[in-house]
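Me: Hey, I've got a structure open and I'm a bit lost. Can you walk me through it?

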There are 2 protein chains.
Amino acid sequence: MDASSLTDCHNLIKPYILRTPVLHSPALDSLTGTELYFKCENFQEMGAYKIRGAVHALLQLTEEERAGGVVTHSSGNFAQALALAGSKLGIKATIVMPATASEFKKRAVREYGGAIVECPPTNEAREAAATAIQKETGATFIHPSNDMRVILGQGTACMELLEEQPGLDAIFVPVGGGGLLAGTAMAAHYFGGDCRVIAGEPYEADDAYRSFYSGTLQGNTTTNTIADGLKTMLGDNSFPLIRKYAHAIVRVTEPEIIKAMRLLWERLKITAEPSSAVAMAALISKKDEFQGQRIGLIISGGNVDLDLLPF
Amino acid sequence: MDASSLTDCHNLIKPYILRTPVLHSPALDSLTGTELYFKCENFQEMGAYKIRGAVHALLQLTEEERAGGVVTHSSGNFAQALALAGSKLGIKATIVMPATASEFKKRAVREYGGAIVECPPTNEAREAAATAIQKETGATFIHPSNDMRVILGQGTACMELLEEQPGLDAIFVPVGGGGLLAGTAMAAHYFGGDCRVIAGEPYEADDAYRSFYSGTLQGNTTTNTIADGLKTMLGDNSFPLIRKYAHAIVRVTEPEIIKAMRLLWERLKITAEPSSAVAMAALISKKDEFQGQRIGLIISGGNVDLDLLPF
């Protein structure tokens with residue numbers, strides 16, 4: 001893994017993804033005392049950066065693997081991303097989703113052409129279901145955040161942000177499974193000079209914080225957070241990259257997340273999902289350390305059920 | 001008024017406004033059967049295109065006029081726009097607002113440095129209040145939509161859209177006081193080739209529709225619409241320009257507006273105010289006539305009180 005792995009990946013996926021805009025808000029600058037640049041991945045075709053890694057993983061498959069299709073387990077944005085990437089590339093995508101996932105999320109996966117297999121809402125059940133599908137159909141398993149092809153893809157949002165705003169002092173991202181954080185930290189290392197990468201994480205699902213600072217991979221003890229995209233855990237590929245290239249993980253409370261989310265909606269005029277607001281909340285809680293600095297922030301996604309807004 | 005009036009205006013105001021991005025959504029393309037480009041003026045500093053006209057009007061003042069300050073009457077986005085433009089240019093801006101205007105709107109005006117004078121919520125009262133302020137302070141009155149300097153400024157959003165997406169077949173905008181429609185229609189005439197300009201208007205405030213098709217200026221009989229930015233009426237400057245350069249006005253119902261607004265929030269991932277959704281609703285209601293065409297749509301603003309969402 002080096003700079004050329006990322007550059008090759010970016011060139012490969014470019015025809016299949018949108019070049020999302022970078023927004024700037026004088027109001028949020030003066031509120032935080034920083035100069036803030038928002039890379040709006042909520043404007044990606046399926047509403048999140050996850051399409052980058054999904055497309056990249058599928059483009060790495062052999063002809064034989066493509067014919068066998070792919071399978072993943074996700075109730076979140078990677079489900080939609082793999083479904084859409086599969087439909088763009090003519091590869092069958094099967095998504096294992098908990099039977100308890102909302103109709104809102106299932107409908108989105110179906111709209112993008114994904115096949116859904118339901119399972120009980122436990123880690124064991126979803127892994128068993130995915131394994132069974134691999135055996136039965138010969139499908140290739142693509143992990144939503146721990147697959148190296150996926151991690152490289154997720155790093156390309158940071159590359160575009162740094163192309164447009166070189167010389168950033170720091171970039172904030174949310175951390176759940178760690179694919180975005182690992183990819184971003186690697187990309188900032190190769191293309192960002194001294195740019196630091198800092199992740200926001202909910203107190204209520206703080207496995208990455210505890211893993212990062214203890215040096216050993218820890219699980220979540222709770223996942224009682226509104227940031228439903230961040231309930232997942234680091235893996236054996238994402239964790240070493242995060243340890244090596246990321247600079248800090250900052251935990252935030254649920255009220256801080258909701259307040260930051262409202263700020264993004266009201267001031268930046270975008271629909272950002274709670275996971276994106278976690279990165280903003282982390283910056284706000286640490287703003288005293290970043291006064292006058294040029295900060296990037298990746299708005300990871302905008303998939304929100306408007307019937308379930310926290311405000 | 002010719003092409004150079006618009007070009008001069010654009011060059012003058014550029015340092016004071018944001019170059020807003022143009023968004024594109026494959027999902028909304030396939031939903032409408034058109035190729036849609038959204039000029040996102042909700043991302044302007046105070047959340048709407050109105051800053052363009054406000055800055056342009058202030059830049060045209062003489063030194064003496066600048067010293068005397070400006071006054072307008074508006075309970076909507078022009079109030080914020082004139083306050084912000086005034087604070088950027090060091091010109092005192094007084095805004096006559098109905099005492100019944102929401103705290104949400106008053107706070108925004110104050111945040112941007114505007115002075116508020118309250119009046120009873122009638123047309124007569126607000127005009128009387130503005131006239132009194134002119135007399136007492138020597139302030140110059142700037143009409144929110146009928147001032148020619150304002151109309152020229154509002155046309156610059158269309159110029160930027162056409163720069164980025166030349167050869168559009170049509171551009172949809174909302175119509176209230178007619179400043180945006182007049183400016184856009186003029187700009188499309190000079191810079192858009194055969195590009196038609198079509199306005200959306202609520203049935204519940206359809207003065208522009210009736211004026212346009214009857215040939216004489218008509219008033220509103222009701223203003224019972226969620227699109228609070230469109231309750232105003234055409235004026236003696238905006239109306240002749242609209243008659244000359246615009247191509248059609250399409251009326252939409254309140255449920256159509258709310259449905260289009262939700263679509264913009266869910267699919268385009270932006271917070272667009274109901275007035276912007278009126279343009280989208282107009283396109284949707286006429287989509288059969290625009291199949292396969294390249295369409296621009298100006299998202300006029302994103303100032304929404306999240307506590308008062310219609311969904």
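Me: Let's start with β3(B). Which way does it pair with strand β4 of chain B, parallel or antiparallel?
Reply: Keep in mind that this is a predicted model. Strand β3 of chain B (residues 70-73) pairs with β4 (residues 93-98) in the parallel sense, and 4 bridges hold that pairing. One of the matches you can look up is B:V71, whose bridge partner in β4(B) is B:T94.

Me: What does pairing even involve?
Reply: Strands in a sheet pair through backbone hydrogen bonds, and the sense can be parallel or antiparallel.

Me: OK. And are the faces of β3(B) covered or open?
Reply: Both faces are covered. B:V70 and B:T72 sit on one side, B:V71 and B:H73 on the other, and all of them are buried.

Me: I also see a wider sheet in chain B. What order do its strands come in?
Reply: The order is β1-β2-β10-β7-β8-β9, which is 6 strands in an open sheet with mixed pairing.

Me: Which strands are at the edges?
Reply: Those are β1 (22-23) and β9 (248-252) of chain B. Each has a single partner strand, so one side of each has no neighbour in the sheet.

Me: How does β9(B) connect to β8?
Reply: β8 (residues 196-202) of chain B and β9(B) run parallel and are joined by 5 bridges. Look for B:P202, which stands opposite B:V252 in β9(B).

Me: Switching to helices. How many residues of helix α9 in chain B are buried?
Reply: 7 of its 9 residues, so that helix (residues 156-164) is mostly covered. The buried ones are B:T156, B:A157, B:C158, B:M159, B:E160, B:L161 and B:L162.

Me: Now zoom out to chain A. How many helices and strands does it have?
Reply: Chain A has 14 helices and 10 strands.

Me: And what size of box does it fill?
Reply: Taken along the principal axes, the C-alpha atoms of chain A fill a box of roughly 55 × 40 × 40 Å.

Me: How does its radius of gyration match a compact globule?
Reply: It agrees: a compact globule with 311 residues would come out near 19 Å, and chain A has 18 Å. As for burial, 57% of the 311 residues of chain A count as buried.

Me: What about contacts between residues that are far apart in the sequence?
Reply: Take the contacts in chain A between residues at least 6 apart in sequence: 74% of them join residues at least 24 apart.

Me: Which domains does chain A have?
Reply: The domain assignment gives domain 1 (3-48 + 149-308) and domain 2 (51-145). Their C-alpha centres lie 23 Å apart.

Me: How many residues are in contact between them?
Reply: 30 residues of domain 1 of chain A are in contact with 21 residues of domain 2. On the domain 1 side, α1 (3-13), α8 (148-154) and α9 (156-164) of chain A each supply at least two residues. The largest share there, 6 residues, comes from α8(A). That side divides into 11 nonpolar, 15 polar and 4 charged residues.

Me: There are two chains here. What rotation superposes chain B on chain A?
Reply: A rotation of 180°, with 0.0 Å of shift along the axis and an RMSD of 0.0 Å. The two copies are therefore related as by a two-fold rotation axis.

Me: Which residue of chain B comes closest to that axis?
Reply: B:I270, with its C-alpha at 2.0 Å.

Me: And how many residues are in contact between the chains?
Reply: 16 residues of chain B are in contact with 16 residues of chain A. On the chain B side, helix α13 (residues 254-268) gives the largest share, 3 residues. By type, the chain B side has 8 nonpolar, 4 polar and 4 charged residues.

Me: Why do you say the copies meet through the same surface?
Reply: Because 100% of the interface residues of chain B are also interface residues in chain A.

Me: Last one. What's odd about phi of A:K269?
Reply: Phi is positive there, near 65°, and the residue is not a glycine. A:K269 lies in the loop between α13 (254-268) and α14 (274-285) of chain A.

Me: Is A:K269 buried or exposed?
Reply: A:K269 is buried, because 25 other C-beta atoms lie within 10 Å and the cut-off for buried is 20 or more.

Me: And what about phi of B:K269?
Reply: B:K269 has a positive phi of about 65° too, again without being a glycine. B:K269 sits in the loop between α13 and α14 (274-285) of chain B, and counts as buried with 25 C-beta neighbours inside 10 Å.

Notes: Residues are numbered from 1 along each chain as its sequence is written. Chains are lettered from A and ligands numbered from 1 in the order in which they are written. This is a predicted model: local features need pLDDT of at least 70, side-chain atom pairs count only at pLDDT 80 or more; totals for chains, interfaces and linings use all residues. Two residues are in contact if their C-beta atoms, placed from the backbone, lie within 7 Å. Ala, Val, Leu, Ile, Met, Phe, Trp, Tyr, Cys and Pro count as nonpolar, Asp, Glu, Lys and Arg as charged, and the others, Gly among them, as polar. A residue is buried if 20 or more other C-beta atoms lie within 10 Å of its own, exposed if 12 or fewer, and partly exposed in between; C-beta atoms are placed from the backbone. Domain bounds come from an automatic or database domain assignment. Two strands pair if DSSP finds at least two bridges between them. The radius of gyration is taken over C-alpha atoms; the globule rule is 2.2 Å times the number of residues to the power 0.38. Copies are superposed by least squares on the C-alpha atoms of residues with pLDDT of at least 70 in both.
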